[in-house]
Amino acid sequence: MLVTGAVVFPLGLALVALSLVHPTLWLYLVAFSIAGIGAGALFKGGVGTASSVALPDSRAGVLAMFFVSCYAGMGVPPVLFSIVLGHLTIEAAVIVFAAALSVGAALAVVAALRTGAVGSTRRSHRHAR
């Protein structure tokens, strides 16, 4: 899920930026749909990874902190975006934020892969069956 999200999310964001340059409704709808699918895959993969690496006694606390960080991740970028809009055009601001969000998603997946958290998710699901 994480790797799929890390590929699909930046693709959707790139299409969002393209939809600003070539404004057509179909491109806009496809772009935001693909970005949403990628973000959903990243979120689902993150929940699965967080719950699989947490000790059973601390799983609720780990998931609570995961959701708190997700809420911050959904709240801070729009505020920063509105600040950046005071200095850039909408097109430039979207490109900057699409690039920053794509890099952030990729770095998060790389960190999960390096720590082995993604592999442990697969193992824990395999043993649970």
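Colleague: How does the reach of H1 from its first C-alpha to its last compare with the expected span?

Modeller: H1 has 20 residues and reaches 29 Å, close to the 28 Å expected at 1.5 Å a residue. Bear in mind that this is a predicted model.

Colleague: Which residues of H1 are buried?

Modeller: They are Leu2, Gly5, Ala6, Phe9, Gly12, Leu13, Leu15, Val16, Ala17 and Ser19. Residues three or four places apart in an α-helix point the same way, because there are 3.6 residues a turn.

Colleague: What other elements does the protein chain have?

Modeller: The count is five helices and zero strands. From the N terminus on, the order is α-α-α-α-α.

Colleague: What makes up the largest nonpolar core?

Modeller: Ten residues: Leu2, Ala6, Phe9, Leu13, Ala35, Leu42, Ala98, Ala105, Val109 and Ala112. Helix H1 (2-21), helix H2 (25-53) and helix H4 (90-115) each supply at least two of them. Ala6 touches Leu42 and Val109, leaving aside residues up to four places away in sequence. Another core lies apart from the largest one. That core has nine residues, including Ala17, Phe81, Ala93 and Val94.

Colleague: Why is the pair of Phe43 and Phe66 called tilted?

Modeller: A pair of aromatic rings is described by the distance of the centres and the angle of the planes. The centres of Phe43 and Phe66 are 5.7 Å apart, and the cut-off for a pair is 6.5 Å. Their planes stand at 45 degrees. Stacked needs under 30 degrees and edge-to-face over 60. The angle meets neither condition, so the pair is tilted.

Colleague: Where in the chain do these two rings sit?

Modeller: Phe43 is in helix H2 and Phe66 in helix H3 (residues 59-84). They are 23 residues apart, so the pair links distant parts of the chain. Ring pairs also join Phe43, Phe66 and Phe67 into a cluster. The count of aromatic pairs comes to five.

Colleague: Why is Phe66 called buried?

Modeller: Its relative accessible area is 17%. The limit is under 20%, so Phe66 counts as buried.

Colleague: And what is Phe43 called, and why?

Modeller: Phe43 has a relative accessible area of 35%. Buried is under 20% and exposed over 50%, so Phe43 falls in between and is partly exposed.

Colleague: How much of the whole protein chain counts as buried?

Modeller: Of its 129 residues, 30%. The accessible surface comes to about 8100 Å², with 75% belonging to carbon and sulfur atoms.

Colleague: What share of the contacts with a separation of 6 or more joins residues 24 or more positions apart?

Modeller: In the protein chain, 58% of them.

Methods
Residues numbered from 1 in each chain as written. Predicted model: local features only at pLDDT ≥ 70, side-chain atom pairs only at ≥ 80, totals over all residues. Heavy atoms only, no water. Core = buried A, V, L, I, M, F, W, Y, C linked by side-chain atoms within 4.5 Å. Buried < 20%, exposed > 50% of the residue type's maximum accessible area, 1.4 Å probe, protein only. Helix = DSSP H or I, 4+ residues; strand = E, 2+ residues; numbered from the N terminus. Contact = heavy atoms within 4.5 Å. Phe/Tyr/Trp six-rings, centres within 6.5 Å; stacked < 30°, edge-to-face > 60°. Expected span 1.5 Å × (residues − 1). Areas by Shrake-Rupley, 256 points an atom, 1.4 Å probe, with all protein chains shown as cover.
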